[in-house]
Amino acid sequence: MTAPEMQFTPSKDLSFGVELELQILNSRDFDLARDAADLIGLLDKTPHPGAVKPEITESMVELNTSIHREHDALVAELKVIRDAVAQAARRLNLHIAGGGSHAFHQWAQRRIYPTERFEHLLEMYGYLAKQFTIFGQHVHIGCPDGDSAVYLTHILSRYVPHFIALSASSPFQQGEDTSYQSSRLNTVTAFPLSGQIPFVHSWSDFLGYFDKMRSYGIVESMKDFYWDIRPKPEYGTVEIRVFDTPLTVERAAALAAYAQTLARHILVDRPLAPERDVYTLYNYNRFQACRYGIDGKLVDAYTRRTLSLREDLLDTVKLLGPHSAVLGNGAVLARLAADVEAGRTDAAWLRQAYKERKSLNDVARMQSEEWMGKAGAPS
Amino acid sequence: MATFLPQFPLFPEPVLLFGLLLLAGIAGGELVKRTLKLPRIVGYILTGLLLGASGLNLLDQPLVDESWIFLEIALGLVLFELGRRLHLDWLANDRWLLATSLLECTLSFVLIYVALTALDVAPIYATVAAAIGISTSPAVVLLVAQELKAEGQVTERALNLTALNSVAAFVLATMLLAWIHHDYQAGWTMVVLHPVYLLSGSVVLGYVASAGAIGFSRLLGKHAERQFVMLIGLVVLSIGAARMLELSVLLALLSFGVFCRNVDRRYDLMEVDLTSVGQMFYVVLFVVGGAKLQLTDLAAGGLIGMAYVTARFIGKAIGVITLTPLSGVRPGTAGLLCIALTPMSGLALAMVHQTTTLYPEFGAHLATIVISAVLILEIVGPIAVQFALKRAGEARTEEK
């Protein structure tokens, strides 16, 4: 018997929405603070669009947009939410920052946000729960039905290295340069239910898999799968979860627009058939993107050739031309492509900040200034 | 007898004294922490009480006098640390925090004054004692917060309010010097210029020290160890300079900290943690603070002390409870915040001392009014702060 939340709610017109996990910093040394409850409490009293929710530790907060169809409306809403969050943070003497990891916090000092679910996760996963104080962006893409969602998930898997390289913003962890562009995903990989969707071809097959996992007592809901991309039937979406939270909301909206355009290409053109080798090569390609970002290699399961990730990205943006025109994403994608060509990434920005200041406290501070802007600052 | 041998009777060296006080304090602190689960500070104070005039009298007045240099460094470090916790930006972003501070300072001053005059304390003494009562003990709040590794809105707000009320108390007590001078028929130059010199001189000294720190740190670069030594050097240097120039060590060091936090716009200064070195001075500060207390004072000034403590608490409580909710913090924060502002300690005595070195008899009488309140709050204060921070869920030791 399939649970009602596993019924796939149809979504129309490639609607999309964004979730951003953000860092709460203190104003003293810009280490992670523990004020999520106060920040959320204050935001509850302030009118703002979207939603702001707790995350696994008290140093994090998650910001959700409403459902959108166009990039411009998405970025406009994100800016309004950002300003509200920034203003509330300033009233509490806190700073908010983007970026996939905090440069120097010590995971052992984190405290679990006191809800039943998060405490259960601490009980189950032990120290991994605290190490999970990493910050990702999730992009939801609306799908007309469950079968399309399964198909979209399989084809998007081929493009996971793109998402990683474009968003990489976690070069530092625990006070060290990791040499990765995105070190955040290494933390996700440690979880037993991380990984990818099984190689099934329809929603009913997927439900069969889900019911089996549930009958073993391994999962209770879709939330328990920490996959890079997972269908979210109750929202009627496919959720891409490999993005590091970018340093600005503008970049977050641009990444969402890229995913939306790519999804339109996949769902409208049906260019490829699901291919098992995508998953054979998956971890290697994912590692390349995490380690080297846009300078990494990508082994294409369809052509069996090794490509430069940067070239493949630029080719894809070109390929998406007609779809970005329809969605109104042309300008955003052009800017994204220009950044790729020039090697402008958030990870590079963070390393440059460290090179200039030689202090990770300064990096965290500059990161928060980049995210908050002047919003809510006293005139 | 060989001349290279020490001559009897042995005279205790100040350094020997420092070591002994440190060891006795640490032992007492640990004992209190383990058996009673109270803050270590309570143990330091009880150790002092035991060794001091009210107890075994091992730590008598001449020995206490020997320790002045350690106390001065301890208070200097505490005020510098506290100054660095005062974020002026925050006061601009949360005007209600500033309003809360103004109200709690005013109300505690007025209510202490009213309570004391009702008990027939002469107005001039009541006013100076009330000014001193505005301040919360920075050492206690800072140390308990550090011991618990507490962070959160109650901790940060308590530290900022403490910094603000300490500034208010210093400034007011210094300005009241004019009245005391006048009362003792000092010349008008003394009446006017002494407070002005103390206030502006101490603040300028603090500013110069912070400019030195920022300039020095630019030279040193981002190296925590070197900046640490540099800061300790400047703190000690400023204490010495303030004493040499007859300025207020307390105000100079507090301003030094405030300027370091709020003037360093290029963020050249690192956030170095002075706790490790501070800790050993703080232990001695509280042991000696405890030794100075005379339980007999409590019997003598008990009624005044109780009235003083009660009026002060009510003033702070009304100020904090009415305005803190407007800052948008969680319910419950305000109540815990006013509990966290309870402590009074050695700083109050230092202010009594500073205010009155020129007129010892004035000082002696003032001390009888303030000291019983200090005696009560030395013990109650740290426990109150620990309760507030733990109840707020901001102590890291709360972890399961």
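**Strand pairing, cores and chain contact in the predicted model**

Over five bridges, strand 1 of chain A pairs in the antiparallel sense with strand 3 (residues 60-64) of chain A. The structure described here is a predicted model. Within this pairing, Gln23(A) of strand 1 is placed opposite Met60(A) of strand 3. Strand 1 of chain A is also joined to strand 5 (residues 136-142) of chain A by five bridges, and these two strands run antiparallel. Here Phe16(A) has Ile141(A) of strand 5 as its bridge partner. A further antiparallel pairing, over four bridges, links strand 1 of chain A to strand 4 (residues 94-97) of chain A. In that case Leu25(A) stands opposite His95(A) of strand 4.

Strand 1 of chain A, which spans residues 16-26, is mostly covered, with eleven of its eleven residues buried. Burial extends to both faces of the strand. On one side lie Phe16(A), Val18(A), Leu20(A), Leu22(A), Ile24(A) and Asn26(A), all of them buried. The other side is formed by Gly17(A), Glu19(A), Glu21(A), Gln23(A) and Leu25(A), which are likewise buried. Phe16(A), the partner of Ile141(A) in strand 5, and Gln23(A), which faces Met60(A) in strand 3, are thus found on opposite sides of strand 1 of chain A.

The nonpolar cores were examined next. The largest nonpolar core comprises 125 residues, and those with the most contacts inside it are Ala74(B), Leu116(B) and Ala340(B). Helix 17 (residues 360-391) of chain B gives the most to this core, contributing 13 residues. When neighbours within four places in sequence are left aside, Ala340(B) is in contact with Val141(B), Val154(B) and Ala158(B), and also with Ala384(B), Val385(B), Ala388(B) and Leu389(B). A second core, separate from the largest, contains 104 residues. Among the members of this second core are Leu156(A), Ile164(A), Ala259(A) and Met372(A).

The contact between the two chains takes 24 residues from chain A and 19 residues from chain B. On the side of chain A that touches chain B, at least two residues are supplied by each of helix 1 (36-44), helix 2 (71-91) and helix 16 (360-372) of chain A. Helix 1 of chain A provides the largest share of this side, namely four residues. By residue class, the side of chain A that touches chain B divides into 13 charged, six polar and five nonpolar residues.

Technical notes. Residues are numbered from 1 along each chain as its sequence is written. Chains are lettered from A and ligands numbered from 1 in the order in which they are written. This is a predicted model: local features need pLDDT of at least 70, side-chain atom pairs count only at pLDDT 80 or more; totals for chains, interfaces and linings use all residues. Two residues are in contact if their C-beta atoms, placed from the backbone, lie within 7 Å. Ala, Val, Leu, Ile, Met, Phe, Trp, Tyr, Cys and Pro count as nonpolar, Asp, Glu, Lys and Arg as charged, and the others, Gly among them, as polar. A nonpolar core is a set of buried Ala, Val, Leu, Ile, Met, Phe, Trp, Tyr and Cys residues joined through C-beta atoms within 7 Å. A residue is buried if 20 or more other C-beta atoms lie within 10 Å of its own, exposed if 12 or fewer, and partly exposed in between; C-beta atoms are placed from the backbone. Two strands pair if DSSP finds at least two bridges between them.
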